[in-house]
Amino acid sequence: FPSHDTEAGIVKQLDSKIMMKRSHELKKCADLIAKKEYSKYIGKKFTAFINEKGKDGSMKGRTDNYFQIVTKKKCSVGDEIFFTAKKATATDLRDF
């Protein structure tokens with residue numbers, strides 16, 4: 001926690017429940033902003049490099065501008081694929 005030699009060290013700490021509530025509110029806000037930003041790319045075409053297996057038979061990769069993508073196309077780790085974004089989440093673009 002804050003050093004005792006600073007103003008932050010003198011101020012009384014907030015209750016952990018309040019801190020957790022605020023943290024969850026900020027996370028929701030950040031997720032909404034991220035999804036809104038990713039949504040701008042729906043319908044856009046990308047080249048992506050597949051770098052890992054995902055869940056339920058999906059594959060994950062990165063575009064040239066480092067957006068994370070998730071695809072259900074038949075591909076392997078190391079493949080370069082053409083990708084059209086159909087859906088946006090707070091963390092990635094998907095083609096399904």
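Buried residues make up 23% of the 96 residues in the protein chain; buried means under 20% relative accessible area, exposed over 50%, and partly exposed in between, with a 1.4 Å probe and protein chains only. This is a predicted model, in which local features need pLDDT of at least 70 and side-chain atom pairs count only at pLDDT 80 or more, while totals for chains, interfaces and linings use all residues. Residues are numbered from 1 along each chain as its sequence is written, and side-chain values use heavy atoms, with hydrogens and water left out.

**Whole chain**

Begin with the protein chain in cartoon view. It has two helices and six strands, with helices (H or I, at least four residues) and strands (E, at least two) taken as DSSP runs and numbered from the N terminus. From the N terminus on, the order of elements is α-α-β-β-β-β-β-β. The radius of gyration of the protein chain is 20 Å, well over the 12 Å that the globule rule gives for 96 residues, so the chain is more spread out than a compact globule. That radius is taken over C-alpha atoms, and the globule rule is 2.2 Å times the number of residues to the power 0.38. Along the principal axes, the C-alpha atoms fill a box of roughly 55 × 25 × 25 Å.

Switch to a surface. The protein chain exposes about 7600 Å², of which carbon and sulfur atoms supply 56%; accessible areas come from the Shrake-Rupley method with a 1.4 Å probe, and for residues only the protein chains shown count as cover. Among contacts (heavy atoms within 4.5 Å) between residues at least 6 apart in sequence, 45% join residues at least 24 apart.

**The helical end**

Select Leu 14, in the loop between helix H1 (7–10) and helix H2 (16–39). Leu 14 is partly exposed, with a relative accessible area of 41%. Add Ile 18 and Met 19: with Leu 14 they form a nonpolar patch on the surface, with about 240 Å² of accessible area together. Patches are made of residues with over 30% relative accessible area and no salt bridge; like charges are joined within 9 Å, nonpolar side chains (Val, Leu, Ile, Met, Phe, Trp, Tyr) within 5 Å. A salt bridge is a side-chain nitrogen of Lys or Arg within 4 Å of a carboxyl oxygen of Asp or Glu.

**E1 and E2**

Next, select strand E1 (45–53) and strand E2 (59–63). The two run antiparallel and are joined by five bridges; strands pair if DSSP finds at least two bridges between them. Ala 48 stands opposite Thr 63 in E2. E1 and E2 form a hairpin with five residues between them. In that turn, pick Asp 56, whose phi is near 50°, a positive value in a residue other than glycine. Asp 56 is exposed, with a relative accessible area of 73%.

Now show the side chains of E2. In a regular strand the side chains alternate between the two faces of the sheet. In E2, Met 59, Gly 61 and Thr 63 make up a covered face, while Lys 60 and Arg 62 are on an uncovered one.

**E2 to E3**

Move on to strand E3 (68–71). E2 and E3 pair in the antiparallel sense over four bridges. Two of the places to check are Met 59, whose bridge partner in E3 is Thr 71, and Lys 60, whose partner there is Val 70. The two strands form a hairpin with four residues between them. Tyr 66, in the loop between E2 and E3, has a phi near 70°, a positive value in a residue other than glycine. Tyr 66 is exposed, with a relative accessible area of 57%.

Both faces of E3 are covered: Gln 68 and Val 70 are buried on one side, Ile 69 and Thr 71 on the other.

**Beyond E3**

Select strand E6 (residues 93–94), which pairs with E3 in the parallel sense over two bridges. The bridge partner of Val 70 in E6 is Arg 94.

Finish at Lys 74, in the loop between E3 and strand E4 (80–84). Lys 74 is exposed, with a relative accessible area of 86%. Its C-alpha atom is separated by 8.5 Å from that of Met 59, 15 residues apart along the chain.
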